[in-house]
Every structure is written in C-alpha cells, then in structure tokens.
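Please open the structure in your viewer and keep the selection tool at hand. The tour below moves from one selection to the next and says what is found at each stop.

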Amino acid sequence: MNIKHIHLHIIQMKLKSPFITHLEHVTDRKGIILKVIDDEGNIGVGEAVAFTTPWYTEETVQTCYHMIKDILFPLIRQQNISSPENVSTFFLPVRGNQMAKAAIETAIWDLWAKRENKTLASVLGGKKKVIEAGAVVGASSVEKALEQTNRLVEKGFKRIKVKIHPGLDIELVEQIRKNFPDLLLMADANSAYSLADIERLKVLDEYDLLMIEQPLAFDDIVQHSYLQKEIKTPICLDESIHSIRDVENAISLSSCQVINIKIGRVGGLNEAKKIYQLCMQHGLDVWVGGMIEFGVSRACNVALSTLEGIHIPGDIMSSNHYWEEDIIEPGITVSNGQIRVSDEIGMGYQLNEKRLQQVSVFEEILS
Ligand SMILES: O=C(O)CCC(=O)c1ccccc1C(=O)O
Ligand SMILES: [Mg+2]
C-alpha cells in the first residue's frame, strides 16, 4: 500500500448546546477530516480530534495541520506500507503529536479494511455486534446537570459520566445518586483537584461511583498512586496516558484501576489495541473515551469498542447528540443505550460529501 495524496479539510460546526467543563466551554468545534488516497485511487478517511486551543492536551487544530502537512505526510508519502500496524514506525522520528499521527493512522486502517473488503471492527479483531453507549454531562449547575441526566436516562443510557470540579461536585453527585440509585455513574474531573483536596475526594468516595476519571494533574502518574491508596473508588486515567509506556508505569505504581483509551490521545489504533491488550493481561478495565468528535472519529471508537473485554460503556453518543447534522451517513444512532455495529466495510459509514463541503472552512490536497 502506497499513499499518494492526502486531501485535508478543516471543518467547523456549532454544538447544539455548549459542553461545559471547568477548563473550557465548548460551543463551536473545529476539526480536521482527511482522506488518504493510495496509488489505485482507494480512499481511507480519518479525523484529527484536537481542539482549537490546548485546554485538554497540547495539540490544536493548527498544530495538527502543520504536523500532518509538513512533517508526517512527507514521512509516509510513496512509502510501501505493508500493514496499518506499521504506520507508527514511520512516525518514530517524531516526538508526541499523537492526535496528528492518529488522524493519518486511522485513515490508513480504514483504507486497509476497505482494500481487504472487511469492516474496521473485524480487522481490529473485534467480535461484538452491539456495543454499549454512554453519555456525558458537562453542565454549569446542579440543576442543569440533573435535567440533562434525566433526559439521557429517559433515552435509555445506562451509564452517565458527569464533569466535576471543586464547588460543583459533592452536591451534584449526591443529587444524581439520590434520583438514580442504580445508575452506572462516574465523574470526570479533568485534573481539577490536587492531593490537598483529599478530604473532598473522600466524601465523593461514598457515592458508589463506577470510577473517578483524572482527578489529579494532567501529566501525573505518581500522585494518582498515592490517591488510589486513600480511596476505594477506582481511579481512571485519561490525560496522563499517551502511550503503552504510560500504562506500564501506571500499572507498576498502581496509579489506577481503569484506563480511558482515546485513539487520538495515544497516536492511533495500533497503540490503542496494544494498550487494550496490556490492560486485559493485568486485569485493568478499559473503555473508549470521547472527544466531542465528528462521525469519523466516532466510527473508529465504535469499531474499537467491539473488542471483547471492553464492557464498560464508552463516551459514545449518537451523531445527533452534539450535531444538527453529522458528516457521516447514516449518522450513528443509539437505541436503548446501545449501538448496533455497522457491517459495511471500512469504518462502517460513508462520508456525507455534501455536508462535508457545507462545513469546510479550508481545504488542501497534498501530493
Ligand atoms: O465526547 C464526549 O461526549 C465527551 C467526552 C469528554 O468528557 C471529553 C471531551 C473533550 C475533551 C476531554 C474529555 C474527557 O474525557 O476528559
Ligand atoms: Mg476525561
């Protein structure tokens, strides 16, 4: 397999309603959709999931664009790629920039699956035909969060993740628990706490949370291991995990019991799968995280979730949760908290070219 061109689109869409965390209010989403085109004209599609500002990780839409165009594409252009598992080896000279790497790598997986006439899920080794969806609540007050939770539970979601930070945490979790005693409820702090907040975190420990995601610093693994010894709620690492080595370190320090895998944050599907395998060997739970993404990345998340052993519902909602109209067709739908896995080849969905054009703010073909 030989990549001749990459067709890049920067797209922009408004969220139906703002997604609120203590770090950022996301109201407008930009992203990069790219098509990799091989020497026979076959096309694979990928998405760079970085945001416009570096509030979640250091990458941005602009850094991804630069990396893809000026650094990463030249490394794979006209190279003989024998399997999508090898793409990351071409990127070895480049430190970091996982989301930019993942955008190209996932597109090559899609292309590969299409060339093999198989689904992306099956080339990854996934067997599940139906996956569990999970919803995320990012709201500015207890009342709004309760309202959103209500609506999502009514829709059939069995797992809800709620964004928390000091000041919007204990009462929020207490209220949701009171209203939904049996709900699979988890909290994501996006690094809003420090070890000085241990008493507050011990209060949260009493609400039977499925897990607490990234309570401490975005680049920490050591302090999470101190915290995990003090609380019974399993810690899940998100921001701290960029590679399999980060997971090895977290395992050896007992820093967490759960890993949130985001394909973009770890540099692609090959690394994501290796992390999944390591977690299975060591008895850690894994699930697939979300990035308020467009349909291409979401389709990859669905495919990854088909691996056996990923039983915790991921941050995977329907296309119409955030968007009036997604860029894939058909849109991803959730029914009774579940997503039926597409049996179409590749990522399982087609790009909606008309919609892609509508939301493109810039495009370029690299040769
Ligand atoms: O994609 C979603 O539905 C939201 C998932 C989410 O919580 C999130 C969204 C953007 C950036 C970081 C995170 C996170 O998991 O911390
Ligand atoms: Mg998170």
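Which strands does helix H5 (residues 142–155) lie across? Select H5 and you will find that it lies across S5 and strand S6 (159–163), running at about 165° to S5; axes here are lines fitted to C-alpha atoms, for helices over the stretch in contact, and angles run from 0 to 180 degrees between N-to-C directions. Helices (H or I, at least four residues) and strands (E, at least two) are DSSP runs, numbered from the N terminus.

Before going on, note that this is a predicted model, in which local features need pLDDT of at least 70 and side-chain atom pairs count only at pLDDT 80 or more, while totals for chains, interfaces and linings use all residues. Residues are numbered from 1 along each chain as its sequence is written, chains are lettered from A and ligands numbered from 1 in the order in which they are written, and side-chain values use heavy atoms, with hydrogens and water left out.

Next, select the open sheet of seven strands, whose order is S5-S6-S7-S8-S9-S10-S11 with parallel pairing; two strands pair if DSSP finds at least two bridges between them. At its edges are strand S5 (135–137) and strand S11 (285–288), each pairing on one side only. Within this sheet, S8 and strand S9 (residues 235–237) are joined in the parallel sense by two bridges, and Ile212 stands opposite Ile235 in S9.

Now show the magnesium ion (ligand 2), whose protein donors are Asp188 (OD), Glu213 (OE) and Asp238 (OD), at 2.1 to 2.3 Å from it. Donors are N, O and S atoms within 2.8 Å of the metal (3.2 Å for Na, K and Ca), and water is not among the atoms, so sites may look incomplete. Because Asp188 lies in strand S7 (residues 184–188) and Glu213 in strand S8 (residues 212–213), the pair ties together parts that are 25 residues apart in sequence.

Move then to the open sheet of four strands, ordered S3-S2-S1-S15 with antiparallel pairing, where strand S3 (43–48) and strand S15 (360–366) form the edges. Strand S1 (residues 3–20) and strand S2 (residues 25–38) are joined by 13 bridges, and the bridge partner of Leu8 in S2 is Leu34.

Finally, select helix H1 (residues 61–76), which lies across S1, S2, S3 and S15, and add helix H3 (residues 98–115), which touches S1, S2 and S3; contact means heavy atoms within 4.5 Å. The axes of H1 and H3 come within 9 Å and cross at roughly 55°.
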